[in-house]
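User: Let's walk through this model together, one question at a time. Please spell out your terms as they come up.

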Amino acid sequence: MSSSPTDPTAVRALNAPQLFPRHIAVAILAAVACFFAANHVAARLTFENGTGLLLAVLCRSAVALSILIAIVYFKRHSIRLPRGLVRWQLVLGLMITIQSLCLYSAVARVPVALALLTANTFPIILALLTWGLGGPRPTLRAAGLMLFILSGLVLALDLPGILGGGAEVTSSWWLGIGFALMAATVLSVAFWVTDHKLAGISGPVRSMFTMLVVFVSMIIAGIGDVVPGGMGLPNATPGWMGLLALMLLYGGAFAVLFINVPRLDMARNAPVMNMEPIATLLFGWVILGQMISPIQMLGGLVVVSGIVILTLRKGA
């Protein structure tokens with residue numbers, strides 16, 4: 001039986017934006033991944049020139065918040081949250097706040113590519129968290145993929161060389177890896193809250209309130225001097241350039257992603273975003289002169305490949 005013109009399903013189908021051809025969608029997502037990667041390299045550059053951690057997150061969230069407010073306004077989304085979901089929206093905002101601080105703290109201490117590779121293991125933590133909170137148990141194949149990813153991370157961090165005494169690292173390096181793992185853990189909690197508590201809220205509205213919480217949290221933390229020197233300004237021209245690039249790159253990636261997401265067929269094409277650590281490796285080498293060994297590169301490839309396969313299996 002054919003759908004009538006007044007059938008809600010038919011109306012939604014007619015009003016749905018037309019998807020980009022796959023090669024264009026993939027190119028857009030690859031560009032967004034590169035923008036996010038360059039944003040982290042710019043963060044390292046500005047941190048090396050005196051910029052405070054809180055100031056960097058504040059500036060980044062201000063740009064993202066402005067973009068989201070514009071999207072919500074022009075698309076006329078309702079910003080009224082159901083009363084029972086306000087506390088979960090606050091939890092989500094606080095999780096993203098902590099994740100932003102932890103990831104930038106990691107970027108400031110270890111090679112940017114290693115920080116991103118470590119933080120990008122969050123799908124493993126999310127799968128285990130979901131299982132622990134009553135969700136489906138990971139299949140044997142998924143568990144094997146998780147071990148595959150973890151083995152790649154061991155190589156990427158060169159843990160055999162470090163533990164065997166062949167490579168020396170400082171306490172700051174270990175702290176940076178710890179921050180990256182914390183960022184992955186907190187991000188997995190944020191995704192769980194999004195999927196299980198806030199899925200009914202429009203994406204731009206949910207993201208707008210999330211960025212609002214991040215922005216306000218940074219102001220409060222700055223006033224309270226929670227992080228000593230957290231609001232410090234750059235002390236050299238490269239620091240100002242890095243801060244400006246950080247804002248433009250993050251804001252540009254955010255805008256392109258949120259404006260075009262209805263046309264990108266994310267369920268099919270989202271794994272393209274996992275090229276971010278690889279792009280970070282290239283940018284870190286060209287801009288910062290950061291190099292990692294061939295065995296670490298192999299480990300990074302294993303991590304990214306495993307995450308892509310795990311993501312594709314979830315989306316199947």
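User: Which residues line the largest cavity?
Analyst: A word on the ground rules: this is a predicted model, in which local features need pLDDT of at least 70 and side-chain atom pairs count only at pLDDT 80 or more, while totals for chains, interfaces and linings use all residues. Residues are numbered from 1 along each chain as its sequence is written, and side-chain values use heavy atoms, leaving out hydrogens and water. A cavity is a set of points, on a 1 Å grid over the protein atoms alone, where a 1.4 Å probe fits but cannot get out, and its lining residues have an atom within 4 Å of a point. For the largest cavity, the lining is made by Ala 113, Leu 117, Pro 277, Ile 278, Leu 281, Ile 292, Gln 296, Met 297, Gly 300 and Leu 301.

User: Which helix supplies the largest share of that lining?
Analyst: Helices here are DSSP runs of H or I with at least four residues, numbered from the N terminus. At least two lining residues of the largest cavity come from each of α5 (112-119), α13 and α14 (294-315). With four residues, the largest share belongs to α14.

User: How many residues of the lining of the largest cavity are charged?
Analyst: Ala, Val, Leu, Ile, Met, Phe, Trp, Tyr, Cys and Pro count as nonpolar, Asp, Glu, Lys and Arg as charged, and the others, Gly among them, as polar. On that split, eight lining residues of the largest cavity are nonpolar and two are polar. The number of charged ones is none.

User: What volume does the second largest cavity have?
Analyst: Grid points are joined across faces, edges and corners, and a volume is the space filled by probe spheres set on the points. Three cavities reach 30 Å³ or more, and the largest holds about 60 Å³. For the second largest, the volume is about 40 Å³.

User: Which helix gives the most to the lining of the second largest cavity?
Analyst: The lining here consists of Pro 111, Val 112, Ala 113, Thr 280, Leu 281, Gly 284, Trp 285, Gln 290, Met 291 and Ile 292. Seven of these are nonpolar, three are polar and none is charged. Both α5 and α13 supply at least two, but the top contributor, with four residues, is α13.

User: Within what arc do the buried residues of α13 fall?
Analyst: Buried means under 20% relative accessible area, exposed over 50%, and partly exposed in between, for a 1.4 Å probe and protein chains only. In α13 (residues 276-288), the buried residues are Glu 276, Pro 277, Ala 279, Thr 280, Gly 284 and Leu 288. They line one face of the helix, because seen down its axis they fall within a limited arc, taken from the directions from the axis to the C-beta atoms. That arc is 150 degrees.

User: Which residues is Thr 121 in contact with, leaving aside its neighbours within four places in sequence?
Analyst: Thr 121 sits in the loop between α5 and α6 (122-132) and is buried at 4% relative accessibility. A polar atom of its side chain lies 2.6 Å from the backbone oxygen of Thr 118, a polar contact (N or O atoms within 3.5 Å, one able to donate a hydrogen and the other to accept it; residues adjacent in sequence count only if both atoms are side-chain atoms). Contact means heavy atoms within 4.5 Å, and beyond those sequence neighbours Thr 121 has it with Ile 149, Leu 153, Ala 184 and Ile 307.

User: Which backbone oxygen does the side chain of Asn 49 reach?
Analyst: Asn 49 belongs to the loop between α2 (22-47) and α3 (53-74), and its relative accessible area of 13% makes it buried. Leaving aside neighbours within four places in sequence, Asn 49 is in contact with Pro 234, Asn 235, Ala 236, Pro 238 and Gly 239. At 2.8 Å, its side chain reaches the backbone oxygen of Leu 45.

User: What is the phi of Asp 158?
Analyst: Most residues other than glycine have a negative phi. Asp 158 lies in the loop between α7 (140-156) and α8 (159-163) and is partly exposed at 22% relative accessibility. Although not a glycine, Asp 158 has a positive phi of about 55 degrees.

Technical notes. On a 1 Å grid over the protein atoms alone, a cavity is a set of points where a 1.4 Å probe fits but cannot get out, and a pocket is an open set with protein on both sides within 12 Å along at least five of seven lines; lining residues have an atom within 4 Å of a point.
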